[in-house]
Amino acid sequence: MENQLQKRHLVSSSLRTEYFSTGWMAFEFLVGFISGLEAGSILLIAFGLDSFLEIISGSTLIWRLRKEANGASAEEIQSAEKRSSLIVGTILLLLSVYVIFVSLFNLVNHQAADTSYSGIAIALASVVLMPVLTFRKRALGKRLHSDALVEDGMCNITCAYMAATVLVGALLTFFFNWWWADSVAALVLVYFIASEGWESFKEGRGKD
(Lines give C-alpha, C1' and ligand atoms only; values in the text may rest on other atoms or scores of the structure.)
Protein backbone atom coordinates (compact mmCIF):
# COMPACT_ATOMS: atom_id res chain seq x y z
CA MET A 1 0.00 0.00 0.00
CA GLU A 2 2.84 2.34 0.91
CA ASN A 3 4.60 1.62 -2.39
CA GLN A 4 1.41 2.37 -4.32
CA LEU A 5 0.98 5.69 -2.52
CA GLN A 6 4.61 6.56 -3.18
CA LYS A 7 4.28 5.73 -6.87
CA ARG A 8 1.09 7.77 -7.10
CA HIS A 9 2.92 10.71 -5.55
CA LEU A 10 5.80 10.33 -8.03
CA VAL A 11 3.40 10.21 -10.99
CA SER A 12 1.62 13.33 -9.68
CA SER A 13 4.94 15.15 -9.27
CA SER A 14 5.98 14.09 -12.77
CA LEU A 15 2.71 15.35 -14.21
CA ARG A 16 3.07 18.73 -12.50
CA THR A 17 6.62 19.02 -13.85
CA GLU A 18 5.46 18.16 -17.37
CA TYR A 19 2.54 20.61 -17.19
CA PHE A 20 4.94 23.39 -16.23
CA SER A 21 7.50 22.34 -18.86
CA THR A 22 4.91 22.16 -21.65
CA GLY A 23 3.41 25.50 -20.62
CA TRP A 24 6.85 27.10 -20.74
CA MET A 25 7.48 25.59 -24.17
CA ALA A 26 4.23 27.12 -25.42
CA PHE A 27 5.38 30.53 -24.17
CA GLU A 28 8.84 29.96 -25.65
CA PHE A 29 7.32 29.01 -29.00
CA LEU A 30 5.17 32.16 -29.19
CA VAL A 31 7.95 34.55 -28.17
CA GLY A 32 10.65 32.86 -30.25
CA PHE A 33 8.59 32.42 -33.42
CA ILE A 34 7.00 35.89 -33.38
CA SER A 35 10.33 37.54 -32.50
CA GLY A 36 12.00 35.62 -35.32
CA LEU A 37 9.43 36.77 -37.86
CA GLU A 38 9.71 40.39 -36.74
CA ALA A 39 13.52 40.36 -36.76
CA GLY A 40 13.89 38.22 -39.88
CA SER A 41 15.91 35.72 -37.83
CA ILE A 42 15.97 32.13 -39.07
CA LEU A 43 17.74 31.28 -35.81
CA LEU A 44 14.83 32.45 -33.63
CA ILE A 45 12.23 30.96 -35.98
CA ALA A 46 13.94 27.56 -35.78
CA PHE A 47 14.17 27.87 -32.00
CA GLY A 48 10.46 28.66 -31.80
CA LEU A 49 9.50 25.78 -34.09
CA ASP A 50 11.58 23.35 -32.05
CA SER A 51 9.75 24.56 -28.93
CA PHE A 52 6.47 23.76 -30.69
CA LEU A 53 7.66 20.21 -31.27
CA GLU A 54 8.60 20.01 -27.59
CA ILE A 55 4.95 20.83 -26.83
CA ILE A 56 3.90 17.78 -28.84
CA SER A 57 6.47 15.62 -27.07
CA GLY A 58 5.52 16.93 -23.63
CA SER A 59 1.80 16.48 -24.31
CA THR A 60 2.40 12.88 -25.32
CA LEU A 61 4.34 12.25 -22.13
CA ILE A 62 1.54 13.82 -20.08
CA TRP A 63 -0.89 11.43 -21.78
CA ARG A 64 1.47 8.54 -21.02
CA LEU A 65 1.77 9.52 -17.33
CA ARG A 66 -1.99 9.90 -17.02
CA LYS A 67 -2.38 6.44 -18.55
CA GLU A 68 0.02 5.06 -15.98
CA ALA A 69 -1.87 6.83 -13.20
CA ASN A 70 -5.06 5.18 -14.46
CA GLY A 71 -3.45 1.72 -14.68
CA ALA A 72 -2.94 1.35 -18.46
CA SER A 73 -0.84 -1.56 -19.68
CA ALA A 74 2.87 -1.10 -20.35
CA GLU A 75 2.38 -2.30 -23.94
CA GLU A 76 -0.19 0.41 -24.65
CA ILE A 77 2.08 3.11 -23.20
CA GLN A 78 5.13 1.89 -25.11
CA SER A 79 3.21 1.79 -28.40
CA ALA A 80 2.05 5.39 -27.97
CA GLU A 81 5.57 6.54 -27.12
CA LYS A 82 7.00 4.94 -30.27
CA ARG A 83 4.41 6.56 -32.53
CA SER A 84 5.07 9.95 -30.97
CA SER A 85 8.85 9.54 -31.25
CA LEU A 86 8.56 8.66 -34.95
CA ILE A 87 6.40 11.69 -35.74
CA VAL A 88 8.50 14.17 -33.74
CA GLY A 89 11.76 12.74 -35.08
CA THR A 90 10.59 13.05 -38.69
CA ILE A 91 9.48 16.65 -38.20
CA LEU A 92 12.78 17.56 -36.50
CA LEU A 93 14.77 16.13 -39.41
CA LEU A 94 12.63 18.08 -41.90
CA LEU A 95 13.14 21.21 -39.78
CA SER A 96 16.91 20.65 -40.02
CA VAL A 97 16.72 20.60 -43.82
CA TYR A 98 14.66 23.81 -43.77
CA VAL A 99 17.13 25.61 -41.48
CA ILE A 100 20.10 24.55 -43.64
CA PHE A 101 18.44 25.75 -46.84
CA VAL A 102 17.33 29.15 -45.48
CA SER A 103 20.63 29.78 -43.65
CA LEU A 104 22.69 29.08 -46.77
CA PHE A 105 20.34 31.27 -48.81
CA ASN A 106 20.80 34.13 -46.31
CA LEU A 107 24.58 33.71 -46.35
CA VAL A 108 24.75 33.79 -50.15
CA ASN A 109 22.50 36.86 -50.31
CA HIS A 110 24.01 38.64 -47.27
CA GLN A 111 20.68 38.71 -45.45
CA ALA A 112 21.05 40.09 -41.92
CA ALA A 113 18.67 39.69 -38.99
CA ASP A 114 17.60 42.62 -36.84
CA THR A 115 18.28 42.61 -33.11
CA SER A 116 15.44 41.08 -31.10
CA TYR A 117 15.40 42.00 -27.41
CA SER A 118 12.52 39.64 -26.71
CA GLY A 119 14.46 36.86 -28.45
CA ILE A 120 17.53 37.53 -26.32
CA ALA A 121 15.39 37.54 -23.16
CA ILE A 122 13.64 34.23 -23.89
CA ALA A 123 16.93 32.56 -24.81
CA LEU A 124 18.56 33.77 -21.58
CA ALA A 125 15.62 32.52 -19.51
CA SER A 126 15.78 29.10 -21.21
CA VAL A 127 19.52 28.78 -20.56
CA VAL A 128 18.76 29.13 -16.83
CA LEU A 129 15.52 27.13 -16.63
CA MET A 130 16.17 24.14 -18.89
CA PRO A 131 18.95 22.53 -16.78
CA VAL A 132 16.68 22.74 -13.71
CA LEU A 133 13.91 20.89 -15.57
CA THR A 134 16.44 18.33 -16.82
CA PHE A 135 17.64 17.39 -13.32
CA ARG A 136 14.05 17.29 -12.05
CA LYS A 137 12.81 14.98 -14.85
CA ARG A 138 15.84 12.70 -14.66
CA ALA A 139 15.39 12.26 -10.91
CA LEU A 140 11.67 11.52 -11.23
CA GLY A 141 12.19 9.29 -14.28
CA LYS A 142 14.75 7.13 -12.51
CA ARG A 143 12.51 6.70 -9.47
CA LEU A 144 9.55 5.82 -11.71
CA HIS A 145 11.72 3.60 -13.95
CA SER A 146 10.48 5.70 -16.88
CA ASP A 147 12.99 5.96 -19.73
CA ALA A 148 10.60 8.31 -21.55
CA LEU A 149 10.69 10.84 -18.71
CA VAL A 150 14.49 10.67 -18.50
CA GLU A 151 14.75 11.16 -22.28
CA ASP A 152 12.35 14.10 -22.11
CA GLY A 153 14.74 15.64 -19.60
CA MET A 154 17.55 15.25 -22.11
CA CYS A 155 15.42 17.16 -24.62
CA ASN A 156 15.48 20.05 -22.17
CA ILE A 157 19.28 19.97 -22.15
CA THR A 158 19.19 20.11 -25.95
CA CYS A 159 16.87 23.11 -25.65
CA ALA A 160 19.40 24.76 -23.30
CA TYR A 161 22.18 24.27 -25.87
CA MET A 162 19.92 25.68 -28.56
CA ALA A 163 19.02 28.69 -26.40
CA ALA A 164 22.71 29.33 -25.77
CA THR A 165 23.35 29.24 -29.53
CA VAL A 166 20.48 31.70 -30.10
CA LEU A 167 21.90 33.95 -27.38
CA VAL A 168 25.40 33.94 -28.87
CA GLY A 169 24.11 34.64 -32.37
CA ALA A 170 21.87 37.48 -31.20
CA LEU A 171 24.61 39.10 -29.08
CA LEU A 172 27.15 38.93 -31.89
CA THR A 173 24.67 40.64 -34.19
CA PHE A 174 23.82 43.24 -31.52
CA PHE A 175 27.35 44.17 -30.39
CA PHE A 176 29.37 43.69 -33.57
CA ASN A 177 26.73 43.96 -36.30
CA TRP A 178 28.01 40.75 -37.90
CA TRP A 179 25.40 40.16 -40.59
CA TRP A 180 26.37 36.50 -40.95
CA ALA A 181 26.19 35.59 -37.24
CA ASP A 182 22.49 34.64 -37.25
CA SER A 183 22.81 32.28 -40.21
CA VAL A 184 26.03 30.66 -38.97
CA ALA A 185 24.55 30.16 -35.49
CA ALA A 186 21.45 28.64 -37.11
CA LEU A 187 23.66 26.12 -38.90
CA VAL A 188 25.22 25.21 -35.54
CA LEU A 189 21.69 24.82 -34.21
CA VAL A 190 21.01 22.21 -36.90
CA TYR A 191 23.41 19.84 -35.13
CA PHE A 192 21.25 19.82 -32.01
CA ILE A 193 17.95 19.65 -33.92
CA ALA A 194 19.12 16.83 -36.20
CA SER A 195 20.70 14.84 -33.34
CA GLU A 196 17.51 15.05 -31.31
CA GLY A 197 15.42 14.21 -34.37
CA TRP A 198 17.53 11.19 -35.32
CA GLU A 199 17.37 9.76 -31.79
CA SER A 200 13.59 10.20 -31.71
CA PHE A 201 13.27 8.68 -35.18
CA LYS A 202 15.30 5.60 -34.18
CA GLU A 203 13.24 5.17 -31.02
CA GLY A 204 10.06 5.39 -33.05
CA ARG A 205 11.36 2.72 -35.45
CA GLY A 206 12.35 0.53 -32.52
CA LYS A 207 16.05 0.51 -33.41
CA ASP A 208 18.96 0.62 -30.99
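A salt bridge is a side-chain nitrogen of Lys or Arg within 4 Å of a carboxyl oxygen of Asp or Glu. In this predicted model, Lys 202 forms such a bridge with Glu 199, their closest N and O atoms being 3.5 Å apart. Local features need pLDDT of at least 70 and side-chain atom pairs count only at pLDDT 80 or more, whereas totals for chains, interfaces and linings use all residues. Residues are numbered from 1 along each chain as its sequence is written, and side-chain values use heavy atoms, with hydrogens and water left out.

The overall fold comes before the details. The protein chain has six helices and zero strands, where helices (H or I, at least four residues) and strands (E, at least two) are DSSP runs numbered from the N terminus. The radius of gyration of the protein chain is 18 Å, close to the 17 Å that the globule rule gives for 208 residues, so the chain is as compact as a globular protein of that length. This radius is taken over C-alpha atoms, and the globule rule is 2.2 Å times the number of residues to the power 0.38. Along its principal axes, the C-alpha trace spans about 65 × 30 × 20 Å.

Of the 208 residues, 48% are buried; that word means under 20% relative accessible area, with exposed meaning over 50% and partly exposed in between (1.4 Å probe, protein chains only). Contact means heavy atoms within 4.5 Å. Among contacts between residues at least 6 apart in sequence, 80% join residues at least 24 apart.

The structure holds two salt bridges. In one of them, Glu 18 pairs with Lys 137, and the closest N and O atoms are 3.4 Å apart. Glu 18 lies in helix H1 (residues 2-39) and Lys 137 in helix H4 (residues 117-144), so the pair ties together parts that are 119 residues apart in sequence. Glu 18 is buried, at 0% relative accessibility, and Lys 137 is buried as well, with a relative accessible area of 1%. The bridge between Lys 202 and Glu 199 lies within helix H6: these residues are three apart, which separates them by about one helical turn. Glu 199 is partly exposed, with a relative accessible area of 40%.

Helix H6 (residues 181-205) also holds Asp 182. What is the nearest side chain of opposite charge to Asp 182? It is Lys 137, 25 Å away, and Asp 182 is buried yet has no salt bridge. Here Lys and Arg count as positive and Asp and Glu as negative, while His and the chain ends are not counted. Leaving aside neighbours within four places in sequence, Asp 182 is in contact with Ser 41, Ile 42, Leu 43, Ala 113 and Thr 173.

The loop between helix H5 (147-176) and H6 contains Trp 179. This residue counts as partly exposed, at 30% relative accessibility. Trp 179 and His 110 are 69 residues apart in sequence but 7.0 Å apart in space, C-alpha to C-alpha. Beyond its neighbours within four places in sequence, Trp 179 has contacts that include His 110 and Asn 106. Asn 106 belongs to helix H3 (residues 74-108) and is buried, with a relative accessible area of 11%. Not counting residues up to four places away in sequence, Asn 106 touches Ile 42, Gln 111, Trp 179 and Ser 183. Ile 42 is thus a residue to locate twice, being among the contacts of Asp 182 and among those of Asn 106.
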